[in-house]
Amino acid sequence: SIADLTGIEAFTALTYLNCADNQLTSLDVSNNLALNSINCSNNQLTSIDVSAATALINLQCYDNQLTSLNINQNTALIYLYCHYNQIISLDLSQNPSLIALNCQANQLISLDVRSGNNIIMDLSGWSIFRTNNNPNLSCINVDNAAWSTTNWTMIDPQHYFSNNCSGTGIEEQTT
């Protein structure tokens, strides 16, 4: 098992990185600007920096120990699998191409998927939307609450969709 990826920064033309099933505790691909796919699942990651990988379309970082994940710069992202971590807040408002999201089994308190393009995640083909097993999450920010309620069902019973969650836990369910 690999515990350190020192030297990965020298591979500036790298487009695909699979370092899954190792003992990594951090991953910094800030010099790997050409990356479009990363699978770093099943490690012991507590931090990951993908901010410079603006061509990234696939990020699989599930089964780690992440408490945060910043993908605001990854506007081309299509697939995000970050389930089985300890992520508290997830902002996907800058990811309008996202069609697959699995963030189940985290510690989410806040989830924002208002990208202006939620309807492309219609659960046909490769689309997925899973937020279940997030006991601290109630309101999920979406583009259209009525559409999301109808189409996204892999949620916990206390989860509901709103166009504007206020963070108080008593938001109106807006259509």
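How many helices and strands are there in the protein chain? The protein chain has 1 helix and 12 strands. The legends below refer to a predicted model.

**Figure 1. The whole protein chain, with its elements in order from the N terminus.** The elements run β-β-β-β-β-β-β-β-β-β-β-α-β. The radius of gyration is 16 Å, close to the 16 Å that the globule rule gives for 175 residues, so the chain is as compact as a globular protein of that length. Along the principal axes, the C-alpha atoms fill a box of roughly 50 × 25 × 25 Å. Of the 175 residues, 46% are buried. The accessible surface of the protein chain is about 8,200 Å², and carbon and sulfur atoms account for 48% of that surface. Among contacts between residues at least 6 apart in sequence, 23% join residues at least 24 apart.

**Figure 2. The open sheet of 6 strands.** The strands are arranged in the order 1-3-5-6-8-10, and their pairing is parallel. The edges are formed by strand 1 (16–18) and strand 10 (128–130), each of which pairs on one side only. On average, neighbouring strands of this sheet are turned by 10° against each other, direction ignored. Strands of a sheet pair through backbone hydrogen bonds, either parallel or antiparallel.

**Figure 3. The pairing of strand 3 with strand 5.** Strand 3 covers residues 37–39 and strand 5 covers residues 58–60. The two strands run parallel and are joined by 3 bridges. Ile38 stands opposite Leu59 in strand 5.

**Figure 4. Asn58 and its surroundings in strand 5.** Asn58 has a relative accessible area of 13% and is therefore buried, the cut-off being under 20%. Its side chain makes a polar contact with the side chain of Ser37, at 3.0 Å. Leaving aside neighbours within four places in sequence, Asn58 is in contact with Asn36, Ser37, Ile38, Leu77, Tyr79 and Tyr81. Ser37 thus appears both in this list and in the polar contact.

**Figure 5. Thr54 in the loop between strand 4 (47–49) and strand 5.** Is Thr54 buried or partly exposed? Thr54 counts as partly exposed because its relative accessibility is 46%, between the limits of 20% and 50%. Leaving aside its neighbours within four places in sequence, Thr54 is in contact with Gln73, Asn74 and Ala76. Thr54 and Leu101 are 47 residues apart along the chain, and their C-alpha atoms are separated by 18 Å.

**Figure 6. Asp21 in the loop between strand 1 and strand 2 (26–28).** Phi of Asp21 is near 60°, which is a positive value in a residue other than glycine. Asp21 has a relative accessible area of 52%, so this residue is exposed, the cut-off being over 50%.

**Figure 7. Ala105 in the loop between strand 8 (100–102) and strand 9 (110–112).** What is the phi of Ala105 near? Phi of Ala105 is near 60°, again a positive value in a residue other than glycine. Ala105 counts as buried because its relative accessibility is 16%. Asp21 in Figure 6, by contrast, is exposed.

Key: Residues numbered from 1 in each chain as written. Predicted model: local features only at pLDDT ≥ 70, side-chain atom pairs only at ≥ 80, totals over all residues. Heavy atoms only, no water. Pairing = 2+ DSSP bridges. Helix = DSSP H or I, 4+ residues; strand = E, 2+ residues; numbered from the N terminus. Axes fitted to C-alpha atoms, helices over the stretch in contact; angles between N-to-C directions. Rg over C-alpha atoms; globule rule 2.2 N^0.38 Å. Buried < 20%, exposed > 50% of the residue type's maximum accessible area, 1.4 Å probe, protein only. Contact = heavy atoms within 4.5 Å. Areas by Shrake-Rupley, 256 points an atom, 1.4 Å probe, with all protein chains shown as cover. Polar contact = N/O pair within 3.5 Å; in protein donor to acceptor, adjacent residues only side chain to side chain.
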